[in-house]
Amino acid sequence: MATLADYGPEVRAEVKQVREVVSNLHQQLIKWNLVVWTAGNVSQRLHTADLFVIKPSGVRYENLTPNSMVVVDLDGNVVDGTEAPSSDTASHAYIYRNMPDVYGVVHTHSTYATAWAATGQNIPCGLTMMGDEFGGPVPVGPFRLIGSEAIGKGVVETLKKYPKSPAVLMQNHGPFTIGKDAEGAVKAAAMTEEVAHTMWAAKQLGEIIEIDQADIDKLNDRYQNVYGQH
């Protein structure tokens, strides 16, 4: 089994940098109220090797450090680290193997998004910000048990049907989000919880007015290609 010492200096340098990024981003999950206790995880894939860095299993957020982050290969085998990796590691690995443009994955149990998942409902696209970020509804994925790559398969299968969405609500479990890096996936997780909360509130007031797909497509194109600094 390969260890980090078997990789060259370029890979080891990227591992050091990504460990810092992933460790710091876990604090963003706390900041945006997306997790409690030890739930949830962030990972980021390397560009220099088929490896990714992920949170250790069952470690409280205040105790996370760059050195506690675990380096694994795309089959989920530990390459470097003193802790056991997250129980979702096999699913992160499956996503990376099957979605080569994805370099960040996040899982949370954020309250409102998980409530939609518990009822098996897509979050309907009734906000322009949902058109921007998700290109339509936030979809629900199938129920899958934790501990194997089954959840990852469910995420990939669902996103094939909703290719513009960076988020899936795995039924009876919670949201998984993807991005071009871990920060992008964390942003998607925060946005998922935001729209989940707002659309839940809207349902208390009355029937949600969903946006036409043609307008959603225009919103998404503007946000993805025009909005922000380039």
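Start with strands β1 (residues 41-45) and β2 (residues 51-54): in this predicted model, they run antiparallel and are joined by three bridges. One of the pairings to look for is Ser 43, whose bridge partner in β2 is Ile 54. Strands in a sheet pair in just this way, through backbone hydrogen bonds, either parallel or antiparallel.

Now zoom out to the whole sheet. It's an open one with eight strands and mixed pairing, in the order β4-β3-β2-β1-β5-β8-β7-β6. At the edges you'll find β4 (78-80) and β6 (140-141), and each has a single partner strand, so one side of each has no neighbour in the sheet.

Helices pack on this sheet too. Helix α1 (residues 9-31) touches β1, β2, β3 (70-73), β4 and β5 (104-107), and its direction makes about 155° with that of β1. Helix α5, for its part, touches β6, β7 (167-170) and β8 (174-179), with its direction at about 130° to that of β7.

Stay with α5 (residues 150-161) for a moment, and bring in α2 (residues 89-98). The axes of these two helices come within 7 Å and cross at roughly 40°, so α2 and α5 are oblique to each other. Their crossing is right-handed. On the α2 side, the contact is made by Ser 91, Tyr 94, Ile 95 and Asn 98, while α5 brings residues including Ala 150, Ile 151 and Gly 152. Sorted by type, the residues of this contact are six nonpolar, three polar and one charged.

Gly 152 deserves a closer look. This α5 residue touches Ser 91, Tyr 94 and Ile 95, leaving aside residues up to four places away in sequence. Its relative accessibility is 0%, so Gly 152 counts as buried.

How values were computed
Residues numbered from 1 in each chain as written. Predicted model: local features only at pLDDT ≥ 70, side-chain atom pairs only at ≥ 80, totals over all residues. Heavy atoms only, no water. Axes fitted to C-alpha atoms, helices over the stretch in contact; angles between N-to-C directions. Helix = DSSP H or I, 4+ residues; strand = E, 2+ residues; numbered from the N terminus. Parallel < 35°, antiparallel > 145°, perpendicular 65-115°, else oblique. Left-handed = near helix turned anticlockwise from the far one by under 90°. Contact = heavy atoms within 4.5 Å. Nonpolar A, V, L, I, M, F, W, Y, C, P; charged D, E, K, R; others polar. Buried < 20%, exposed > 50% of the residue type's maximum accessible area, 1.4 Å probe, protein only. Pairing = 2+ DSSP bridges.
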